[in-house]
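This report is intended for a reader who meets the structure below without prior acquaintance. Please keep the sequence and the model in view while reading.

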Amino acid sequence: MKRIALLGSTGSVGASTLEVVEQHPQEFSVVAMAAGTNVDLLAKQVVKFGPELVSVGNEEAAFALRERLGSQVKPEIVYGSEGLEQVARHEAANFVMTAVVGSVGVAPTLAAIEAGKTIGLANKETLVSAGPVVMKKAREKGVQIIPVDSEHSAVFQCLQGERRQDVARIILTASGGSFRHLSREDLKQVTVAEALAHPNWTMGAKITIDSATMMNKGFEVIEAHWLFELPYERIDCLLHYESIIHSMVEYKDRAVVAQLGTPDMKVPIQYAMSYPGRMSLTTEPLDLVKMGSLHFAAMDFDRYPLLQLAYECGKAGGTYTAVLNAANEIAVDRFLKGSIGFLDIETMVRKTCEAHQGIQNPTLEEIFAADQWARSQALVFQ
């Protein structure tokens, strides 16, 4: 049985993970979970899945959760960054699903690696911020990191049974997000509510905004670089409006292998949890006849400058990708709060990256320092 420690249980991926657990109670159990401050939902999850250890965002949330659970349900409750790491290291867990959002995922992922857990990685910022450190530690510990993002899961599946030296390139697909048919001029007036209306996927607010700016795809390019050990010149992006082909691998004989499916995150989540096997899943089957046709377009880097910036930062290496991620987190937060316009996200992120003096081959401490510098510096450009 897979005994799961779930980081980010109340988010979109976390909730889908619990749905998969619920469908296969003989295969999966939840022994530990962590969330932020959504105590109402977390309390229901704790009662339903019975974890031994629960972490929340702060002491106030910990107190509220204990009050909500009462005396009948008594898991150990911890909080804060140390609580996240305790969940990731939990001795009863043999699989850690990292579904938190942002660079907060770096430390608990490293803690899970240090403890020898198999990791389902749904937190792309972990590799964007600290890819060289995380992957080096995983190799040292012999820990397997299985990608959960639909695009990276697709590539991972397309690589099964093939030799890595035969790969010519990988092709990540992108829906184009909420505003894929709008001009740059139109983008000046878009609202937060409009930005959160993704055409295909149901995701959290931050990831949905990243999809609209295409920063999400930029992060996926950087993550793919570390996961699949490919140079950026062999990682391409393609607009695919229906989100049916999740990604493709082209081999040196020009054969292209693609992974298709309905846009449902439970599919890559369950694949990571059941790998190397597959299990039945109650979800909508893909009906290509009903779909009728699929549409593709070349990626427009002028239309999506943050994707271009992600490639630039990835190739620059060192601390640049950590700065890219941190500046974006601040900019998206400001947009969601109504403090800046949609296109101002691009300005804040690019100017922060341009102001950075990168450090090559950084330590984890230098990565965290660059992250904190970027969070302060980004506010200068709002």
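The following paragraphs treat two sheets, the helices that lie across them, and selected residues.

The model described here is predicted.

**The parallel sheet**

Seven strands make up an open sheet with parallel pairing, and their order is S4-S3-S2-S1-S5-S6-S7. Its edges are occupied by strand S4 (76–79) and strand S7 (145–147); each has a single partner strand, so one side of each is left without a neighbour in the sheet. From one strand to the next, the twist averages 25 degrees.

Within this sheet, strand S5 (residues 95–98) pairs with S1 and with S6, as the table shows. The pairing of S2 with S3 is listed beside them.

| Strand pair | Residues given | Bridges | Sense |
|---|---|---|---|
| S1 and S5 | S1: residues 2–7; S5: residues 95–98 | 4 bridges | parallel |
| S5 and S6 | S6: residues 118–121 | 4 bridges | parallel |
| S2 and S3 | S2: residues 28–34; S3: residues 53–56 | 3 bridges | parallel |

Individual residues can be placed in these pairings. Leu-6 is opposite Met-97 of S5, and Val-96 is opposite Ile-119 of S6. Between S2 and S3, Ala-32 has Leu-53 as its bridge partner.

Are the residues on the two faces of strand S5 buried or exposed? Phe-95 and Met-97 on one side, and Val-96 and Thr-98 on the other, are all buried, and both faces of the strand are thus covered.

Helix H12 (residues 266–274) lies across S1, S2, S5 and S7, and its direction makes an angle of about 155 degrees with S5. Ser-16, a residue of helix H1 (residues 12–23), touches Lys-266 and Ile-269, with residues up to four places away in sequence not counted. The relative accessibility of Ser-16 is 12%, and Ser-16 therefore counts as buried, the cut-off being under 20% relative accessible area.

**The mixed sheet**

A second open sheet consists of 5 strands in the order S11-S10-S8-S9-S12, with mixed pairing. Strand S11 (256–260) and strand S12 (296–298) are the edge strands, and each pairs on one side only. On average, neighbouring strands of this sheet are turned by 30 degrees against each other, direction ignored.

Strand S10 (residues 245–251) and S11 run antiparallel and are joined by 5 bridges. Glu-250 has Val-256 in S11 as its bridge partner. Helix H7 (residues 150–158) lies across strand S8 (167–174), S10 and S11, at about 40 degrees to S10.

**A buried glutamate and a surface patch**

Which residues does Glu-220 touch, leaving aside those up to four places away in sequence? They are Lys-124, Asp-149, Glu-151, His-152 and Leu-172. Glu-220 belongs to helix H11 (residues 215–228). With a relative accessible area of 1%, Glu-220 is buried, since buried means under 20%.

On the surface, a nonpolar patch is formed by Leu-260, Leu-286, Leu-288 and Met-291, which together have about 290 Å² of accessible area. One of these residues, Leu-288, lies in helix H13 (residues 288–291). Leu-288 has a relative accessible area of 45% and is therefore partly exposed, as this class lies between the buried limit of 20% and the exposed limit of 50%.

Methods
Residues numbered from 1 in each chain as written. Predicted model: local features only at pLDDT ≥ 70, side-chain atom pairs only at ≥ 80, totals over all residues. Heavy atoms only, no water. Pairing = 2+ DSSP bridges. Axes fitted to C-alpha atoms, helices over the stretch in contact; angles between N-to-C directions. Contact = heavy atoms within 4.5 Å. Patch = residues over 30% accessible without salt bridge, like charges linked within 9 Å, V, L, I, M, F, W, Y side chains within 5 Å. Areas by Shrake-Rupley, 256 points an atom, 1.4 Å probe, with all protein chains shown as cover. Salt bridge = Lys/Arg side-chain N within 4 Å of Asp/Glu carboxyl O. Buried < 20%, exposed > 50% of the residue type's maximum accessible area, 1.4 Å probe, protein only.
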